[in-house]
2 protein chains.
Amino acid sequence: MQEHIFKQFDADLEAVRSQVLKMGGLVEEQIIHAIDALATGNTELADQVIANDHRVNALEVAIDEDCSHIIARRQPTAGDLRIVMMIVKTITDLERIGDEAAKIARMTKLIYSKDAVSAPRFLEIKHMGNLVLEMLRKSLDAFARLEVSSAGQIARQDIQVDEEFRLVLRHLITFMMEDPRTISVAIDILFAAKAIERMGDHAKNMSEYVVYMVKGKDVRHTTPEEIEREVLG
Amino acid sequence: MQEHIFKQFDADLEAVRSQVLKMGGLVEEQIIHAIDALATGNTELADQVIANDHRVNALEVAIDEDCSHIIARRQPTAGDLRIVMMIVKTITDLERIGDEAAKIARMTKLIYSKDAVSAPRFLEIKHMGNLVLEMLRKSLDAFARLEVSSAGQIARQDIQVDEEFRLVLRHLITFMMEDPRTISVAIDILFAAKAIERMGDHAKNMSEYVVYMVKGKDVRHTTPEEIEREVLG
C-alpha cells in the first residue's frame, strides 16, 4: 500500500515535471522570437510573442494547481515535498522570464515605430540574449535531471550578463550624448536590454532551486563560490 | 484527535502569518528609507538599506522552511493547503520588493556620487513611492485579515503607478535633451523610478494571492474589473 502511494507520487511528479519542461520550452521560444524581432525589426513576430504570453501564464496557473493536488492527495514528506515546493517557486520565475520576453516585444514595437533607428547595440544585446538562453537551458536541464553541477557556472554567467548590460548601458549613453535626438529610442533599447538582464536573474534563481531540491541547502543570496562549494561538497 | 490537529494547524499557520507580517513591516521600512535616501541624498541611509536587505532574504528562507514543515506535519488539505501555498508565493514577491528597495539605495549612491544633480523629478518619484507604499500596506492588511475588498483598488493603483512612471520617463527625457551632460545621472534616476514601478507589480501580485486564498479563484493575469467582479461575486 505504502509502495503503491510512492509510485503514484512518482508518476504524478513525473507528469508535473514534464509540464514544467514544456513551459520551459515555450519560454525559450518566446525569448528567441523576442530577441529576433528586436534585432531584425520584425514587428509581426513581436506581436506573436505578446499574443503567446498568455500561454505561459496559463501553464503557470495549471502547474500550481497540479502541485497543490499532488500535495493534498499524496501527502509527500521531507525530500519529496521539497521538490514540489521548489517546482512552485521555479514556475514563478519561468512565468516572469515570459513577462520579460513580452516586454522586449513591446519595446521592439515602440523602437521600430520611431525614426532614428540607426540600429545601435543590437549585436551586443543579441549576445546577452544568447548568454541568457544558455543559462535558461542549463537551468532547465539541471531541473530535468536533478543535477546540480552547472549551478556555479550559471551563477558566474549571471555576473557576466550583468557586466554586459553595463557595457550596453555605457554605449547607449555615449550614443545619446552624441545625438540627443536618439535619447527616446535609446531608452527603449535600454529597457529591452534590462529585460534580458532580468531573465538572467530568474534563470539563476531556477538553478538555485534545483540545488535546494537535490542538496536540501538554500543557496539563494550567496556567491558563485559558495554555490560551487555546496554542490561539490 | 482530528480537532487537535486542526488546532495545531491553526496555531502553526498563525505563527507563520505573523512572520509574514513582520517581513512585510521590514520591507515597508526598507522602501521608506530607500525613497527618503534618494530624495534627500542621505547616502548613509542608503548604505543602511543595502545592509538590511539580507534580513529580508533571511526571513524569506525561514518562512519557506516553516511552510514546508507545516505541510509535512499537519498535512492540510484543500483550503488550508491553498493558504500555505499562497504564503510561499507571497514571500517571493515581498523579497523582491526588498531587492528593489536595495536597488534604489544603490542608485542613490551612484546619483549623489556624480555632479550635475539639479534634483530633477524627485517630487514625482516620491509620489510614486507613496502610492506603492499604500498598495503594499493594503495588500498586507488584506493578507492579515484574509479580506479581498481592496483587490480591485490595488489593481487600479498599479495602473496609476505605471502611468506615473511613464510621466517621470517623459520628463527625464526632456531633461536629458535639454542638457545632454545630465544623461548619465538621469538614467540612474530612471532605474530608481523603474524599481518603484516594479514594487507596484509585486504588491499587486500579493493582493491577487489573497483573492486566491479566500475565493479559490486565480485572478492573476486579469483586469481590475474582472478582479472586482470576482471579489464581489
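On helix α7 of chain A, A:Arg229 and A:Leu232 are exposed. Exposed means over 50% relative accessible area, buried under 20%, and partly exposed in between, with a 1.4 Å probe and protein chains only. The buried residues of α7(A), which spans residues 224-232, are A:Pro224, A:Ile227 and A:Val231. Seen down the axis of α7(A), these buried residues fall within an arc of 60°, so they line one face of the helix. The arc is that of the directions from the helix axis to the C-beta atoms. A:Arg229 and A:Leu232 sit on the other side. The cover over the buried residues includes α5 (151-178) and α6 (183-215) of chain A. Contact here means heavy atoms within 4.5 Å. Helices are DSSP runs (H or I, at least four residues), as are strands (E, at least two), numbered from the N terminus.

This is a predicted model: local features need pLDDT of at least 70, side-chain atom pairs count only at pLDDT 80 or more, and totals for chains, interfaces and linings use all residues. Residues are numbered from 1 along each chain as its sequence is written, chains are lettered from A and ligands numbered from 1 in the order written, and side-chain values use heavy atoms, with hydrogens and water left out.

**The two copies**

Chain B superposes on chain A by a rotation of 180° with 0.0 Å of shift along its axis, at RMSD 0.0 Å. The two copies are thus related as by a two-fold rotation axis. The same surface serves both copies: 100% of the contact residues of chain B recur in chain A. The superposition is by least squares on the C-alpha atoms of residues with pLDDT of at least 70 in both copies.

Which residues does B:Arg96 touch? B:Arg96 is found in helix α3 of chain B. At 9% relative accessibility, B:Arg96 counts as buried. Leaving out residues up to four places away in sequence, B:Arg96 touches A:Asp93, A:Arg96, A:His202, A:Asn205, A:Tyr209 and B:His202.

**The annotated spans**

The UniProt annotation "domain: PhoU", from an unreviewed entry, covers residues 20-107 and 125-210 of chain A. UniProt positions are given in the numbering used here, feature names are shortened, and annotations may be inferred rather than shown by experiment.

| Span of chain A | Helix | Strand | End C-alpha distance |
|---|---|---|---|
| Residues 20-107 | 94% | 0% | 27 Å |
| Residues 125-210 | 90% | 0% | 28 Å |

**Helix α4 and what follows**

Helix α4 of chain A (residues 122-145) has 24 residues. From its first C-alpha to its last, α4(A) reaches 34 Å, close to the 34 Å expected at 1.5 Å a residue. The expected span is 1.5 Å times one less than the number of residues.

Just after α4(A) comes A:Leu146, with a positive phi of about 45°. A:Leu146 is not a glycine. A:Leu146 is found in the loop between α4 and α5 of chain A. At 30% relative accessibility, A:Leu146 counts as partly exposed.

A:Val210, in helix α6 of chain A, touches A:Leu146. Its other contacts, not counting residues up to four places away in sequence, are A:Ser139, A:Ala142, A:Phe143, A:Glu147 and A:Val148. A:Val210 is buried, with a relative accessible area of 1%. A:Val210 and A:Arg17 are 193 residues apart in sequence and 12 Å apart in space, C-alpha to C-alpha.

In chain B, B:Gly129 has its place in helix α4 (residues 122-145). B:Gly129 is buried at 2% relative accessible area. With residues up to four places away in sequence left out, B:Gly129 touches B:Ile35 and B:Ile196. B:Gly129 and B:Ala142 lie 13 residues apart in sequence and 20 Å apart in space, C-alpha to C-alpha.

Chain B also holds B:Gln75, a residue other than glycine with a positive phi near 45°. B:Gln75 lies in the loop between α2 (43-74) and α3 (78-113) of chain B. B:Gln75 is partly exposed, at 31% relative accessible area.

**Aromatic pairs**

Rings of Phe, Tyr and Trp (its six-membered ring) pair if their centres lie within 6.5 Å; planes under 30 degrees apart count as stacked, over 60 as edge-to-face and the rest as tilted. By this rule the count comes to four aromatic pairs over all chains. The rings of A:Tyr112 and A:Phe122 have centres 6.5 Å apart and planes at 25°, so the pair is stacked. This pair links distant parts of the chain, 10 residues apart: A:Tyr112 is in helix α3 (residues 78-113) and A:Phe122 in helix α4, both of chain A. A:Tyr112 is partly exposed, at 28% relative accessible area, whereas A:Phe122 counts as buried at 8%.
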